[in-house]
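User: I'd like a close look at one small part of this model, please. Take me from a single residue out to what surrounds it.

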Amino acid sequence: MIDLSEFKTVGFIGLGAMGRPMLAHLANKLPRESHIWIFDVLEQAVDELCADYPDKVSKAMSARDVADKVDTVITMVPEGSHVRSVYLDPKNGVCSTDISNKLLIDCSTIDTATSLAVKNHIAENFPTASFYDSPVSGGVVGAIKGTIAIFLGCSESDPNLERLTKLMGLMGKQIIPCGGPSLGLAAKLSNNYLSGVIAIACSEAFDMGMRSGLDPRTLARVYAAGTAQNTICDKFCPVPGVYSEAPSTGGYKQGFKVQLMRKDFGLAVDMANRVGAKNVLGDVGLQTYDGAAKDPRCKDLDSRVVYRYLGGQENWQSKHES
Ligand code: NAD
């Protein structure tokens, strides 16, 4: 049994699609003596969760109020501007109260510059507090199952690594220290860039093969056996009906929203430009996800709907009766 007694008071800010199930794991797994204080600008989300866990979870009135009440704060909000506001708002932000000795963990996927700005602000004003970027991967389904991967912005020798691993291990499966501040985010953005590019390439490859007369199930077997093998083709196949559990087969409904892919892809391209990395697929990839995110046929659906956006055939079954 892992000793979790050090986590007597934990705060959670940002209770959306990811934050809610992550909070549920904490509420279910932290010891009986622990208490969780939560805040979201949407009061309804907070009230519902407090009603779900009346003995374990309580409502805070602001990010500052959460920070006042707990030793460890986890944040999970959409973008850099929200992270700035949650931490740096002079009236209601986490840093507007004394956060000395507290552990602060930001799981949002944002730009590295904002994350470093928050970290530096904390280091200057509260030298004994510790702030970490800790983005996650694995989607809402992974968050519900507790199987997300977590990319920590710290080194293997960080004094807080054990504490971070214990706590984040309640919500995810693989916890990977990425080397230092903001490198969890750099890892996450480069991962999503790669995954996004593969989904476009995969869609185009299926489309050209199918238009040439191939059954997509045959193509999937070929890719899996050949040098093109990859997880997007195998498990998240953009063509509906090839892999039963892929979001595409369920009408692209469950999965990683195309607008989030657009956001992460844009952040990755910005990062590549900032660090001087050559990036020939960046602009075209970004244009593609930007178009798909705005297209009413694709908006709000799983990002592999890029196959539809690129004109791929979805009703192929009639041609290839099994
Ligand atoms: P979401 O929009 O569903 O939830 C975000 C929550 O943050 C909302 O409830 C919102 O009200 C709250 N919020 C916004 N500003 C706030 C503020 N100032 N103070 C308090 N609460 C505030 O988003 P999500 O899907 O949960 O994603 C959160 C982060 O996780 C994003 O950065 C996203 O890129 C990343 N992420 C999402 C997924 C996914 O599949 N949804 C997967 C991996 C990573």
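Leaving aside its neighbours within four places in sequence, which residues is Thr114 in contact with?

Analyst: Happy to walk through it with you. This is a predicted model, where local features need pLDDT of at least 70 and side-chain atom pairs count only at pLDDT 80 or more, while totals for chains, interfaces and linings use all residues. Residues are numbered from 1 along each chain as its sequence is written, and side-chain values use heavy atoms, with hydrogens and water left out.

Once neighbours within four places in sequence are set aside, Thr114 is in contact with Gly80 and Arg84 (contact meaning heavy atoms within 4.5 Å). Thr114 sits in helix 5; helices here are DSSP runs of H or I with at least four residues, strands are E runs of at least two, and both are numbered from the N terminus. With a relative accessible area of 7%, Thr114 is buried (under 20%; over 50% is exposed and in between is partly exposed, using a 1.4 Å probe and protein chains only).

Helix 5 covers residues 112–125, and its 14 residues reach 20 Å from first C-alpha to last, close to the expected 20 Å at 1.5 Å a residue (the expected span is 1.5 Å times one less than the number of residues). Thr112, Ser115, Val118 and Ile122 are among the other buried residues of this helix. Their cover includes helix 4 (80–88), strand 5 (103–106), strand 6 (130–133), helix 8 and helix 11 (258–275).

Both contacts of Thr114 belong to the meeting of helix 4 with helix 5, where Gly80, Val83, Arg84, Tyr87 and Leu88 face Thr114, Ala117, Val118, His121 and Ile122. By class, that contact has 6 nonpolar, 3 polar and 1 charged residues (Ala, Val, Leu, Ile, Met, Phe, Trp, Tyr, Cys and Pro are nonpolar, Asp, Glu, Lys and Arg charged, and the others, Gly among them, polar). The two axes come within 10 Å and cross at roughly 10° (axes are lines fitted to C-alpha atoms, for helices over the stretch in contact, with angles from 0 to 180 degrees between N-to-C directions). Helix 4 and helix 5 are therefore roughly parallel (under 35 degrees; over 145 is roughly antiparallel, 65 to 115 roughly perpendicular, the rest oblique).

Stepping back, UniProt places a "6-phosphogluconate dehydrogenase NADP-binding" domain at residues 9–178, in an unreviewed entry (such annotations may be inferred rather than shown by experiment). That span is 39% helix and 22% strand.
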